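Reader: Could you take me through one part of this model up close? I'd like to see how the sheet is put together and what sits against it.

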Amino acid sequence: TAAWAYSTGAGVKVALIDDGFDSATTALYGDFDTALSRNFGVGGTTDLAEPSGGFHGTTTSGLIGAVGASDLPAGLAPNATIIGVKVTFGSTPLSEYVSALNYAASVGSVINNSFGFSGFGTGEPTGVAYATWYAAIASAVTTGRAGLGDVIVMASGNGRGTASNVGLQPTGEDPRERVRRLQPVAAR
């Protein structure tokens, strides 16, 4: 709550890429924008529902933007507008995540990627199979927010033992920075 003296998220659009959102709960969050929200996974473009037994997208959107209504806690940025961008977790083609990221960049200034690296695997920026993913990240961080660049947040991961976290995998990084860091010091 001390951060709210500086910002409550007013005027900020957060595009949240996750596995779905429960409309009855997100309606209590204040500014969950169902008109801008989209589904890039299984089902129609307006089907934002969580998978059976799921709760991750709904919970994460509340952690970000809940306003504290109906005895719910307030989120980190209770005055931000949340835009749900649904993907289907599991055996999902990389193209689904790329489409979701490109859309999120077009409607949000902060993009929260709330999925683990097992979603589509990992690959270095020089890997041809991941070129579209890194191109989407590069575009968002250079052209988003009217040229200031979108802020991209990645899930940190729960699997350090299997190298499945943000510290050990490159898929959450700006590819230009990753390549620069991997160059020998003399070449920089």
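Author: Two bridges join S2 to strand S3 (residues 81–86), and the two run parallel; helices (H or I, at least four residues) and strands (E, at least two) are DSSP runs numbered from the N terminus, and a pair needs at least two DSSP bridges. Arg 38 has Val 85 in S3 as its bridge partner. Keep in mind that this is a predicted model, where local features need pLDDT of at least 70, side-chain atom pairs count only at pLDDT 80 or more, and totals for chains, interfaces and linings use all residues. Residues are numbered from 1 along each chain as its sequence is written, and side-chain values use heavy atoms, with hydrogens and water left out.

S3 also pairs with S1, in the parallel sense, over six bridges, with Lys 13 opposite Thr 81. Zooming out, the open sheet has five strands in the order S2-S3-S1-S4-S5, with parallel pairing. Strands S2 (38–39) and S5 (151–154) are at the edges with a single partner strand each, so one side of each has no neighbour in the sheet.

Back to S3: six of its six residues are buried (under 20% relative accessible area, 1.4 Å probe, protein chains only), so the rest of the structure largely encloses S3. Thr 81, Ile 83 and Val 85 point one way, while Ile 82, Gly 84 and Lys 86 point the other.

What lies across S3? Helix H2 (residues 56–65) does, and H2 also crosses S1 (13–18) and S4 (110–113). The buried residues of H2, including Ile 64, pack against S1, helix H1 (23–26), S3 and S4, with contact meaning heavy atoms within 4.5 Å.

How values were computed: Axes are lines fitted to C-alpha atoms, for helices over the stretch in contact, and angles run from 0 to 180 degrees between N-to-C directions. Buried means under 20% relative accessible area, exposed over 50%, partly exposed in between (1.4 Å probe, protein chains only).
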